[in-house]
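Here is a short report on one protein model. It covers pockets, charged pairs, a covered helix and some backbone exceptions.

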Amino acid sequence: ARAGKSGLTSYSAEKVYVGVRDSYPFHPSIKDLYARFKENPNFQQTRGLIRLMRQVIRQFYESGQADQAFLINVFDIDLNHSITLTMIREIKPSLDNAVSHDIAQHGKAVAEIIDAQYEEDSHFPYAQTLAKLLLMSSLNDTAHGLQGLSDSDMLGYLCAPGVDLNQYKKVLEEIKTQC
């Protein structure tokens, strides 16, 4: 609600509430963003989604994120994990270079380097989270398919208790210039 009042997003608190109620323990954005790539060539809609979600949930619990997070979000994936990376590559192979250069390469990708620069101020991986959200919103590989997010939608999907949206805005500018 505060993010909406401050003009950072048009994603309303009521929409979030209804979405969480309908999709708990998953963030409501998962339905929209995963639906974007369900028609991709060679992606098995039901089986592929179940395999991906099983891997996401396994990592969510094994990494300890489940002890800290309120919901499982679309960006709760470990792209440095070979199985997860392979699954994302299968969904849209053309983004392989973007993943390794921009998002995850065992500390050498742009988002990982940006987060390392801000580590003293915050232990939260703002750049990696933002980059993974943008990746997941861009997996559609069909003609005229929706890709990416507006800044307003992006910030709305990232709203959570204790999250500094201004830090996301700052990091977003760095991502736009370096990725």
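Helices here are DSSP runs of H or I with at least four residues, numbered from the N terminus. By that count, E174 sits in helix α10. The model is predicted.

**A buried acid**

E174 is buried, yet it has no salt bridge. The nearest side chain of opposite charge is K170, 6.1 Å away. A salt bridge needs a side-chain nitrogen of Lys or Arg within 4 Å of a carboxyl oxygen, so K170 does not qualify as a partner. Apart from neighbours within four places in sequence, E174 touches I114, Q117 and Y118.

**Salt bridges**

Side chains of opposite charge can pair when their charged atoms come close. How many salt bridges does a search of the whole structure find? The search gives 6. Three of the pairs are set out below.

| Pair | N to O distance |
|---|---|
| D22 and R21 | 3.6 Å |
| R51 and E90 | 4.0 Å |
| D96 and R89 | 2.6 Å |

R51 belongs to helix α4 and E90 to helix α5 (residues 82-91), so this pair ties together parts that are 39 residues apart in sequence. R51 is partly exposed, at 32% relative accessibility. E90 is partly exposed too, at 46%.

Now take the pair D22 and R21. D22 is partly exposed, with a relative accessible area of 49%. R21 reaches 52% and counts as exposed. The cut-off for exposed is over 50%, so R21 passes and D22 does not.

In the pair D96 and R89, D96 has 26% relative accessibility and is partly exposed. R89 is partly exposed as well, at 35%. Elsewhere, D151, E173 and K176 form one network through salt bridges that share partners.

**Pockets**

Rolling a probe the size of a water molecule over the atoms shows where empty space is left. The largest pocket holds about 1,400 Å³ of space. Its lining has 49 residues. Nearest its centre lie F75, F124, L158, A160 and V163. By class, the lining of the largest pocket has 27 nonpolar, 16 polar and 6 charged residues. Helices that each supply at least two lining residues are α1 (2-5), α2 (13-23), α4 (45-62), α8 (126-136), α9 (151-158) and α10 (165-178).

The second largest pocket has a volume of about 250 Å³. It is lined by 13 residues, and D102, A131, L134, I175 and C179 lie nearest its centre. Two or more lining residues come from each of α6 (96-103), α8 and α10. Which element gives the most to the lining of the second largest pocket? That is α6, with 4 residues. The lining of this pocket divides into 10 nonpolar, 1 polar and 2 charged residues.

**A covered helix**

Helix α8 is mostly covered, with 9 of its 11 residues buried. The buried residues are Y126, A127, T129, L130, A131, K132, L133, L135 and M136. Among them is K132, a charged residue by class. What covers the buried residues of α8? The cover includes α3, α5, α6, α7 (110-117), α9 and α10.

**The loop between α2 and α3**

H27 is found in the loop between α2 and α3 (29-35). Is H27 buried or exposed? H27 has a relative accessible area of 4%, under the 20% cut-off, so it counts as buried. Leaving aside neighbours within four places in sequence, H27 is in contact with Y11, L71, I72, N73 and Y157.

P25 is in the loop between α2 and α3 as well. A cis peptide bond joins Y24 and P25, with omega at about 10°. Most residues other than glycine have a negative phi, and most peptide bonds are trans.

**Positive phi**

N42 is not a glycine, yet its phi is positive, about 70°. N42 is found in the loop between α3 and α4. At 79% relative accessibility, N42 counts as exposed.

H106 is not a glycine either, and its phi is also positive, about 50°. H106 has its place in the loop between α6 and α7. At 62% relative accessibility, H106 counts as exposed.

Note on methods: Residues are numbered from 1 along each chain as its sequence is written. This is a predicted model: local features need pLDDT of at least 70, side-chain atom pairs count only at pLDDT 80 or more; totals for chains, interfaces and linings use all residues. Side-chain values use heavy atoms; hydrogens and water are left out. On a 1 Å grid over the protein atoms alone, a cavity is a set of points where a 1.4 Å probe fits but cannot get out, and a pocket is an open set with protein on both sides within 12 Å along at least five of seven lines; lining residues have an atom within 4 Å of a point. Grid points are joined across faces, edges and corners, and a volume is the space filled by probe spheres set on the points. Buried means under 20% relative accessible area, exposed over 50%, partly exposed in between (1.4 Å probe, protein chains only). Contact means heavy atoms within 4.5 Å. Lys and Arg count as positive and Asp and Glu as negative; His and the chain ends are not counted.
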